[in-house]
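Student: I'd like to learn how to read a structure like this one, feature by feature. Can we go through it together?

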Amino acid sequence: MVRIAPSLLSCRFAELGREVKTVDEAGAEWIHVDVMDGRFVPNITIGPLIAGAVRGVTQRTVDVHLMIEEPDRYIADFARAGADVITVHAEAARHLHRTLELIRSLGKRAGVALNPATPLSAVEEVLDGIDLLLVMTVNPGFGGQAFIPRSLDKLARARALVEAHRPGEVEVQVDGGVSEKTAPALVAAGATVLVAGSAVFGHPRGAAAGVAALRASVEGISWDERGR
């Protein structure tokens, strides 16, 4: 099953609750919350208070993506705010194994994100401790960036890696440049969770139409190991 996770980075923050309810009612399974600190990435966004506000208006999976230095300092805060999934960057976590154990000890699903230039080997030693592997298909920090075509092969290798070690147990998420045009190839390459900001909240007919269009674009498409 392919899950759609609209990224709130592209929503109208003045109408945050309404935007969340719109994509929730449109059938988006996850709500993606991008957290940036101005250090790990050149942008600053939101904190636990806003994540808690999102939790207050939806029963969908609240998916928190920490693009921050020293993520251990804030994991408990986001857990208390109601995050269901907490993803940290391999590049930002000094002791990645310990960080993942912390997330799981709080009863949350643990994810690891990899920037475009970071090899898959960065996550091989912690595969037993993750519930999600996020492959960034743009450099993190800003919404609306163009998809990096080379990332498609990395995504396919990421899916093959998790299937070889823990078949059917790890979500493979993709974030960056996801749209009706790129989504079919991403799902065929192995993505099970599509993070989309501009393609949803910037859709000319509104966010609900954006969710519907993205889902329609991947209808009937699935990863086929024999094709890889």
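Student: Let's start with salt bridges. How many does the structure hold?

Tutor: Keep in mind that this is a predicted model. It holds 13 salt bridges. To read one, look at the closest N and O atoms, then ask where the two residues sit. Take Arg-12 and Glu-15, whose closest N and O atoms are 3.6 Å apart.

Student: Are Arg-12 and Glu-15 buried or exposed?

Tutor: In between, for both. Arg-12 has 48% relative accessibility and counts as partly exposed, and Glu-15, at 29%, is partly exposed too. The pair also has company: Arg-12, Glu-15, Arg-18 and Glu-19 are linked in a network of salt bridges.

Student: What about a bridge within one helix? Where do Asp-77 and Arg-80 lie?

Tutor: Both belong to helix α3 (residues 72-81), three residues apart, which is about one turn of the helix. Their side chains meet in a salt bridge at 2.5 Å, N to O. Asp-77 is partly exposed at 28% relative accessibility, whereas Arg-80 counts as exposed at 64%.

Student: And which parts of the chain does the salt bridge of Arg-60 and Asp-24 tie together?

Tutor: First the contact itself: the two side chains meet at 3.1 Å, N to O. Arg-60 is in the loop between α2 (48-55) and β3 (61-67), and Asp-24 is in helix α1 (residues 16-25), so this pair ties together parts that are 36 residues apart in sequence. Arg-60 is partly exposed, with a relative accessible area of 27%. Asp-24, at 15%, counts as buried, because the cut-off for buried is under 20%.

Student: On to the strands. How do I read β7?

Tutor: Check burial, then faces, then partners. Five of the five residues of β7 are buried, so this strand is largely enclosed by the rest of the structure. Split it by face and you get Glu-171, Gln-173 and Asp-175 on one side, with Val-172 and Val-174 on the other, all of them buried.

Student: Which strands does β7 pair with, and how many bridges join it to β6 and to β8?

Tutor: Strand β6 (residues 132-136) runs parallel to β7, and five bridges join the two. Strand β8 is also parallel to β7 (residues 171-175), joined by three bridges. Gln-173 is a handy residue to follow across: its bridge partner in β6 is Leu-134, and its partner in β8 is Val-193. Val-174, in turn, stands opposite Leu-194 in β8.

Student: How does the chain get from β7 to β8?

Tutor: Through helix α7 (residues 183-189), in a right-handed β-α-β crossover. There's a right-handed β-α-β unit made of β6, α6 and β7 as well.

Student: What does β8 look like, residue by residue?

Tutor: In strand β8 (residues 193-196), Val-193 and Val-195 point one way, Leu-194 and Ala-196 point the other way, and all are buried. Strand β1 (residues 3-6) runs parallel to β8, with four bridges between them. One place to see this is Pro-6, opposite Ala-196 in β8.

Student: Now the nonpolar core. Which residues touch the most other members?

Tutor: The largest nonpolar core has 62 residues, and the ones touching the most other members are Leu-8, Leu-66, Val-123, Ile-130 and Leu-194. Helix α6 (residues 151-165) gives the most to this core, with five residues. Apart from it lies another core, of 10 residues, including Ala-113, Leu-132, Met-136 and Val-138.

Student: What does Leu-66 touch?

Tutor: Setting aside residues up to four places away in sequence, Leu-66 touches Val-35, Pro-71, Ile-75, Phe-78, Ile-86, Thr-87, Val-88 and His-89.

Student: One last stop. Where does Val-200 lie, and is it buried or exposed?

Tutor: Val-200 is in helix α8 (residues 198-201), and it counts as buried, at 0% relative accessibility. Beyond its neighbours within four places in sequence, Val-200 is in contact with Pro-6, Val-23, Gly-206, Ala-207, Gly-210 and Val-211.

Student: How many residues separate Val-200 and Val-23 along the chain?

Tutor: They are 177 residues apart along the chain, with their C-alpha atoms separated by 8.4 Å.

Note on methods
Residues numbered from 1 in each chain as written. Predicted model: local features only at pLDDT ≥ 70, side-chain atom pairs only at ≥ 80, totals over all residues. Heavy atoms only, no water. Core = buried A, V, L, I, M, F, W, Y, C linked by side-chain atoms within 4.5 Å. Buried < 20%, exposed > 50% of the residue type's maximum accessible area, 1.4 Å probe, protein only. Contact = heavy atoms within 4.5 Å. Salt bridge = Lys/Arg side-chain N within 4 Å of Asp/Glu carboxyl O. Pairing = 2+ DSSP bridges. Right-handed = clockwise from strand over helix to strand, strands pointing away.
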